[in-house]
Every structure is written in structure tokens, then in C-alpha cells.
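Welcome! Please take a moment to look over the sequence and the model before reading on.

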Protein chains: 2
Amino acid sequence: MKQEESSTKDTKLLFRQAYDYIVTRIELGEWQTHDKLPSIRMLAQELRIHRLTVFRAYQMLKQNGKAYVKEKSGYYVSPGNTQQVISEHPESHPVTSSGFLKNSLAEIQQVPVVYQFSQALIDPNLLPNLYLSEYVKQVFDDYPKLMGTYSNVQGDEELCEFLCRYMKESHNLQLSVSDLLVTTGGQQAIDLISRVYIRPMDPILVERPTYSSALDIFRQQGARIIPVDITLGGYDLEKVEMLMIQHRPRIFYMNPTFHNPTGYTVPKAQRKQLVELAERYHCLLVEDDAIHEMYFDEPPPEPMLTYDTNGWVVYIRSFSKYVAPGLRICVVIGRPSVITPLLTAKSLADNGTPLVNQKLFLHYFESERMRQHLKKLRIALQVRKEIVEEELKTTGWTWDSPKGGFNLWLKLPETLPVEGFLNECMEQSISFIPGIICDPLREMRSWIRLSYSFINEEHLRSGVRRLANIAERYSVR
Amino acid sequence: MKQEESSTKDTKLLFRQAYDYIVTRIELGEWQTHDKLPSIRMLAQELRIHRLTVFRAYQMLKQNGKAYVKEKSGYYVSPGNTQQVISEHPESHPVTSSGFLKNSLAEIQQVPVVYQFSQALIDPNLLPNLYLSEYVKQVFDDYPKLMGTYSNVQGDEELCEFLCRYMKESHNLQLSVSDLLVTTGGQQAIDLISRVYIRPMDPILVERPTYSSALDIFRQQGARIIPVDITLGGYDLEKVEMLMIQHRPRIFYMNPTFHNPTGYTVPKAQRKQLVELAERYHCLLVEDDAIHEMYFDEPPPEPMLTYDTNGWVVYIRSFSKYVAPGLRICVVIGRPSVITPLLTAKSLADNGTPLVNQKLFLHYFESERMRQHLKKLRIALQVRKEIVEEELKTTGWTWDSPKGGFNLWLKLPETLPVEGFLNECMEQSISFIPGIICDPLREMRSWIRLSYSFINEEHLRSGVRRLANIAERYSVR
């Protein structure tokens with residue numbers, strides 16, 4: 001019985017994947033208006049799925065007005081589906097962008113609101129700002145030519161050497177400078193990895209749910225996204241292996257520690273096994289680890305990277321979200337064979353992260369003061385999380401209380417339609433992230449991500465009350 | 001007669017373009033080992049060129065071992081041409097990058113040498129460093145939470161408003177904030193524009209010679225590069241129009257003011273006409289203007305952007321090369337319809353340029369001190385240029401003395417093979433840029449770019465003498 005259920009669900013997933021895949025190709029402009037779509041037989045062969053699955057996807061395309069049928073000929077792209085820039089004066093200025101570009105998260109975060117529950121970022125007031133200013137002056141005295149000097153592409157040598165020592169001390173990893181690449185934030189790291197290691201149509205594994213901008217980056221690159229459910233207990237490893245056998249994915253993009261958006265942490269026991277699976281099936285694990293130090297009671301398990309023996313993990317350690325968001329410093333760690341092509345991509349993308357940022361970060365992060373500060377930060381975050389949880393008690397919403405990180409992943413009742421609820425909240429100057437944009441399958445309609453890291457305790461309390469009030473009024477009974 | 005010559009040259013160009021195009025697709029991994037290449041008829045149709053031209057390109061592929069022929073079937077990709085990461089342990093670690101990645105310029109510049117003639121960048125000692133450090137402290141006092149704050153994607157509002165005023169004062173342009181996007185250096189601007197406005201196989205116009213990293217970016221994107229000669233007098237506009245009619249290029253990437261590498265400036269009279277051509281043939285002019293203020297005797301003509309009435313120019317104004325290389329601040333200017341898709345691409349690429357850099361740049365660049373400093377900088381540069389020209393007099397090399405900028409574009413005698421000469425120089429701790437990497441056709445073997453902006457006067461003199469000595473010894477007689 002369980003077997004049957006699972007296979008029904010898989011078929012459903014496959015059919016949605018095929019549908020998404022075709023829509024993406026249309027939006028990318030590869031298949032244009034009135035172009036003939038591949039035959040069901042051809043597409044089934046290409047995607048290695050059953051013809052009936054492709055048939056169902058085509059039926060849905062037709063239903064949704066994205067394709068039409070010509071008798072005895074096949075399916076054709078309906079007009080109006082290729083993504084184009086909407087120009088203010090379309091006649092006089094038809095410059096059109098070529099790609100499928102969307103960043104749903106940024107669209108929400110860019111709206112200025114009083115109650116910013118959409119920003120998974122540390123409250124600037126929690127940083128030791130006065131100390132910081134004093135400290136910056138010292139750095140500019142130490143490096144008087146800082147403003148006039150380019151960084152190399154890989155990253156400032158002094159910073160890279162420090163990061164090697166840091167990874168040795170904190171994770172007992174033996175690294176050399178050629179294993180590192182400094183990037184401008186974790187976002188750039190994901191983008192570079194995507195550009196180097198994903199070709200259009202390449203299958204990749206991605207957690208469900210996941211960081212929505214990563215999804216947008218992978219879609220922009222034309223990847224075929226295969227979801228892997230993440231739960232409180234981690235992944236279903238048998239399922240992961242099955243997907244690796246079936247699809248031979250190029251990468252598995254994962255965020256196993258205080259996962260965004262759920263807050264889950266993949267247990268230690270699974271980590272080694274995952275690295276073994278990656279090795280066996282030649283799938284590069286892309287481990288995104290942006291808030292490793294933001295735990296509450298005890299440190300999380302060691303990164304996947306520490307279990308890697310043959311170079312099948314590339315590790316993204318961002319310090320942007322809780323050390324110095326104004327500097328955007330992140331390091332990518334992997335074997336030189338993995339890092340070298342990323343270096344070239346980085347040199348083409350921006351010629352290296354600005355030196356000022358690297359030097360400021362280095363001297364700030366290695367200071368004793370910063371180490372002390374991290375302890376305070378963890379406590380402040382935990383307090384904020386508890387405030388939100390307390391205020392949410394009466395809502396009837398459900399969640400797993402996270403053991404670290406910035407977010408609550410909340411299941412709302414079915415009677416509360418999230419899209420309308422979000423619009424209503426935005427009008428009342430409250431923002432959060434709707435779960436649907438974190439879902440590769442775009443189905444998690446009853447979930448939202450609420451970040452408690454960005455707004456201060458007072459606003460946090462009143463903000464959650466407002467939110468709960470709006471929900472109360474907005475619910476469909 | 002002239003007609004005929006030109007048409008012969010065009011055919012030659014076309015055949016080389018077709019060749020490059022096929023090689024790029026193979027290197028990109030789109031056509032893999034033992035894949036059948038498209039038929040001559042199909043490719044001729046796709047590229048809108050004559051079948052004989054494709055035939056010549058295929059013959060050359062065969063000659064160079066990149067393709068082989070099966071009787072009565074066609075051309076196939078030979079093994080060993082797809083770009084792959086060379087792993088240290090190929091058996092144990094076959095992670096391969098997916099794309100065609102190369103940055104020839106960065107490869108040369110990353111080599112540490114004493115006499116850095118390859119770096120078109122201002123000598124850090126020419127910046128007012130002491131003043132700078134004092135000044136930075138002030139900025140951190142004024143914005144105590146700077147280190148803790150993310151920028152928005154478009155760019156810091158205060159900076160954008162300043163840049164609008166600046167463009168009004170310096171070029172009488174009436175802009176609003178929505179016409180701007182702040183990027184991390186000009187390189188990122190070119191990369192974002194390339195990602196948004198170029199699809200694989202799109203024809204684009206590029207100056208010959210040009211900025212070599214731009215070429216590498218366009219190749220990475222899979223563009224079909226069509227060269228436009230730039231000379232002391234600008235472009236051959238009739239030729240440009242012909243190319244626009246023939247190829248309908250999506251963009252024309254140009255660097256019309258103190259052009260890199262030649263130093264040429266497209267005359268005022270041609271600028272308006274070029275904008276008109278762009279409008280007529282719906283070709284977006286991408287105007288790269290990185291050293292506009294680095295003139296010697298008189299300011300250069302106004303940017304192309306000032307002649308634009310219908311939104312066919314997107315303007316890249318970098319301040320990275322002579323204001324503050326350690327900050328990497330650049331602004332892209334265009335109509336909102338052109339800028340909006342770039343904003344999304346920027347949000348996916350790195351979520352916005354770090355705020356620290358934007359604030360430091362703003363307060364530095366708008367200061368009276370900086371304005372005064374630019375005057376001194378221009379004089380210092382001119383002195384350096386003259387030192388190099390004086391020292392080169394006895395070499396027999398030829399060049400057009402530039403009216404601004406950082407580079408000399410030098411024609412070497414045929415008796416001096418540049419590749420070996422460069423290797424010899426690198427061994428003696430001297431670097432420069434070989435012209436061949438600046439040439440879309442990879443043919444300018446007798447040219448080199450010598451940057452006089454980066455090394456101090458004393459080293460400049462001794463460096464050029466060393467260079468000339470090596471040339472003397474290395475020449476084939």
C-alpha cells in the first residue's frame with residue numbers, strides 16, 4: 001500500500017516536473033510562439049519518463065493556454081508565453097531581454113514595510129556598531145592604500161590564510177589557500193556554481209522547500225529541478241539514492257544546517273551517508289551553510305564537507321547574514337579541481353570581491369570582541385524566537401521549533417488563503433515569505449516563512465499581534 | 001576594386017566567424033564528441049551565410065582536428081575538444097564544469113611581476129591616501145550601522161541621487177533614480193548586460209580590437225561576435241550600417257572614449273549618427289566609459305548616451321579604475337525598460353553591491369578634495385605617458401599618441417614574435433597584454449598594449465628600457 005502511494009506521488013511529481021520543464025523552455029524563448037513542441041515520444045525519451053506522463057503535461061499546457069493542438073500534427077506554443085520586458089512605449093522601444101528572469105524573494109523584500117518578517121538577516125542594532133566604527137579606523141590606518149588597491153580574483157591572501165586557520169580550528173579541516181574562493185555573499189557563490197556546473201536541461205536535486213532565490217538562479221540557468229523533501233529527520237536517503245540512479249543529477253543543492261526556510265538540521269548520521277551517495281553517483285553536493293554559528297543550545301553537527309574524502313562537496317560559508325551584512329563576505333571551499341573553474345567564472349563576473357570589504361571583514365571577524373559578540377547574538381536570537389512563538393500560540397498555526405537560525409516555518413490553516421493574506425499584510429506594512437515560492441513544485445500554499453531576526457523585540461511582539469489579527473479577520477470560515 | 005577587396009575581406013571574416021562559432025559550441029559542450037554537426041545547408045541558413053563559407057569553416061575544423069568526416073553522412077565532432085576541468089586525480093574525481101570559461105587577461109594580470117605594464121589601473125600611490133583614511137573614519141561616524149546594513153538591489157538611494165546630479169552637471173543629462181543600477185565594477189555591468197541581452201548564437205557587434213575580458217564574457221554567453229574595426233578616425237559607418245542590416249545584431253559593445261586598448265576616441269560627429277543607426281536597426285549600444293575623466297589636454301566628446309532619444313543606449317560608467325579601485329563602484333544608466341531586467345539579474349547575481357562600498361564612494365567622490373585630485377591625476381598620467389613614449393623612441397615600434405587614458409597600443413616589427421617575447425618578459429618580471437587576446441579574430445599578432453598608469457615614474461623608465469632590451473635581443477633577424 002505504501003509502495004503504491006509513493007509511486008502515485010512520484011508520477012504526480014514527474015508530470016509536474018515535465019510541465020515546469022516545458023514552461024521554462026517556453027519562457028526562456030527557446031520554444032517560441034507557434035513553434036511546434038517536441039513529440040510526446042521524443043520528450044519522453046529525453047526526460048527518461050513515460051509517454052503518458054508527457055501526455056498529461058501537454059494536456060495541462062493546453063488547459064492553461066500555454067499550448068494548442070493542430071490535428072494530426074502535434075502541440076504548438078500559444079502566443080504570449082515568452083517572457084518579455086514590458087516596455088513603457090512598446091512601439092518606440094522594443095529592446096527585449098533574452099532570458100527568463102525572476103527573483104520572487106527580492107520582489108517582496110524590496111517593499112519597504114515597518115514589520116519586516118521577510119528578511120532573514122540580523123537586526124543591524126544587534127551588531128556592536130560603536131566598536132565597529134573605531135575598529136574600521138584602525139584598519140584604514142594599517143592599510144593606507146586600501147581604497148586604491150584591487151584584490152586578486154581568488155581573495156585577499158591574508159584573509160584566505162585566516163579562513164584556513166578558522167576552518168581548522170572550528171571544523172578540524174586541513175585546507176590550503178587554493179581550496180578557497182572569496183565571493184560577495186552566498187548568493188554570488190550559488191550563482192557562480194550554477195553557471196559553471198549546470199547546463200540547460202541538466203537534472204539537479206534541490207531540497208523541497210528551499211531558498212527561493214536559489215530556485216530562481218537554477219531556473220535562469222535552465223536546470224531541470226528535481227525536489228528532495230526535507231523533514232525534521234533529514235532526507236529519505238533511499239529516495240535520494242533512487243533519484244540519483246534515475247536522473248544522474250549534476251548537483252544536489254542543500255542547506256542542511258538550520259535549513260532555510262524550515263530551520264531543520266540534517267542529522268549527523270545522514271551526513272556521511274550523503275557524501276558516500278554523492279561519490280557513488282558522481283553528484284556534486286553544494287552545501288550552503290550561511291548561519292552555522294547561529295545555534296541556540298548546542299552547536300549543529302559538522303558540515304558535510306568534513307566527511308568528504310574525494311572532492312564531491314563544494315561548501316558555501318557565508319558570513320554576510322550575521323557578521324557584517326554591509327560587507328557581504330562569503331567563502332567557497334572545495335578541491336582545486338572544483339574551485340579553479342569557479343575562479344575563472346568569478347574573474348569574468350566581477351574580477352574579484354573588493355579589497356576594502358575583505359580587509360574590514362578579516363580584522364573584524366578575527367577579533368576577540370567578535371567572538372564574544374556571537375555569544376550575545378545567539379541569546380538575543382533565541383529570545384526573539386521565543387517572543388514570536390509565544391505570540392503565535394493562540395493562532396492555531398503549527399510549526400517545529402527550530403534549534404537555531406532566523407526563521408519559523410509555519411503551517412497555516414487551510415481556511416487562510418496565503419496569497420490574499422500576504423497582500424492584506426503588505427498593505428498594513430507587514431511582510432513575510434509565502435511558502436509557495438520556496439517550493440520547486442509551487443504547491444506549498446499553506447506555508448509561510450516568518451523571520452524573527454531582523455526586527456527588534458518590541459516591534460516583533462506588536463508585529464506578530466497585528467499579523468495574527470489580520471489572519472483572524474481574513475480567514476475563510 | 002575597393003568594393004572587391006572589401007567583399008573578399010568580409011568573406012574571410014565570415015568564414016572565421018563561422019569557424020569560431022562552431023568551435024565555441026563544441027567547447028560549450030553543446031555538440032559533444034562524436035555528435036553529428038549540423039548539415040552545411042542548415043548551418044548556412046541559421047547563420048545567414050553562404051554554404052561555401054560554412055564548407056570552408058568545416059574544412060578548417062577537419063584540418064585542425066576538431067571534426068572528422070563520415071562518408072555520405074557528414075561532419076562529426078572529434079574527441080578531446082570539449083572543455084573540461086583537468087583534475088589532479090581524473091579517475092577519482094571527474095567533476096566537470098559545463099561551460100567554456102576563459103579569462104585571458106586575468107591569467108596574465110594575476111602573475112606577480114615587478115614591472116606591471118598589463119594593469120590598466122591607477123597607481124595606488126597616486127591616490128590621496130592619507131586624506132582618504134581620515135575621510136573614511138568620518139563616514140563610519142556618520143553611518144554607525146553601515147557594517148550591519150544590506151543595500152537594496154538598485155543601489156543606495158543617496159548615491160543614486162548624487163549620480164543623477166553628477167550626470168546633470170557633467171553631461172547635462174536629466175535622469176531619475178530608476179534609470180540607474182549600481183554594480184560592483186564595470187566588469188559586472190558587462191556581464192549582467194551580456195546575461196540579460198545575449199542569447200546563445202545571437203550576433204553582436206564588438207570593436208576590433210577590444211577589451212579582452214568583454215570578449216571572454218560574450219564567448220561564455222555563446223554570442224556570435226562580429227568585429228567592427230576602430231581606427232584613429234572612429235568607425236566606418238557605412239560598414240557598421242551594412243553589418244547591422246546583414247546580421248541584425250542585438251547589441252554593439254563599444255568603448256568610444258579613450259578606447260581600450262588603442263586609446264582612440266570616436267569623434268563627436270559620428271556619435272549622433274551611431275545612435276541613429278542603433279535606433280533604425282534596433283541594436284542596443286552598450287557604451288563602456290571607464291576613464292572618461294582621464295583626458296590630457298581637453299575633455300573628450302560627450303558620451304553616446306547624451307545623443308540618445310529613444311532608449312537605444314545603455315551606458316556603463318565605472319569609477320573603479322581611477323577613483324577607488326578598492327571599492328569597485330560603477331553605475332549603469334539606461335531607460336527603465338532596459339534597466340529593470342538588469343535589476344533582476346543583479347538581484348540573482350549578488351543581491352546588490354555592498355553598502356559600505358557605496359557610502360564610502362559617495363562621500364569620497366563628491367568631496368571638493370577629489371575634484372582637485374583628478375586634475376593632479378591627469379597631469380601625473382600625462383607625464384607617465386610621455387616618459388614611456390620617450391623611452392620607446394629608439395625601438396622602431398609605432399603608435400598613435402593617445403589624448404587620454406592609461407594605455408599605448410604599440411605595433412611591433414614583424415621580426416619580433418610577440419608570444420615568445422611576452423614569455424621572455426614575464427621571466428624577467430615584466431608583463432604586458434598581447435594584442436591577439438584583444439582581437440575577436442585572434443589575428444593581431446604584432447600588437448601589444450602597454451599600460452603606463454600603474455607603475456611609478458622611476459620603475460616606468462627602467463621597465464621600458466628592460467623591455468626594449470629584451471626586444472632587441474629577442475628579435476628574429
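Below is a short tour of cysteines, followed by a small sheet and a helix.

This is a predicted model, where local features need pLDDT of at least 70, side-chain atom pairs count only at pLDDT 80 or more, and totals for chains, interfaces and linings use all residues. Residues are numbered from 1 along each chain as its sequence is written, chains are lettered from A and ligands numbered from 1 in the order in which they are written, and side-chain values use heavy atoms, without hydrogens and water.

**Cysteines**

How many disulfides are there over all chains? The search of the whole structure finds zero, a disulfide being a pair of cysteine sulfur atoms within 2.5 Å. The table shows two cysteines; buried means under 20% relative accessible area, exposed over 50%, partly exposed in between (1.4 Å probe, protein chains only).

| Cysteine | Closest cysteine sulfur | Relative accessible area |
|---|---|---|
| A:Cys425 | A:Cys438, 16 Å | 0%, buried |
| B:Cys425 | B:Cys438, 16 Å | 0%, buried |

For A:Cys425, the sulfur of A:Cys438 is too far for a bond.

**A sheet and a helix**

In chain A, three strands form an open, antiparallel sheet in the order β11-β14-β13. Strands (E, at least two residues) and helices (H or I, at least four) are DSSP runs, numbered from the N terminus, and two strands pair if DSSP finds at least two bridges between them. At the edges of the chain A sheet are β11 (407–411) and β13 (433–434), each pairing on one side only. Two bridges link β13(A) with β14 (residues 447–451) of chain A, and A:Ile433 stands opposite A:Arg449 in β14(A).
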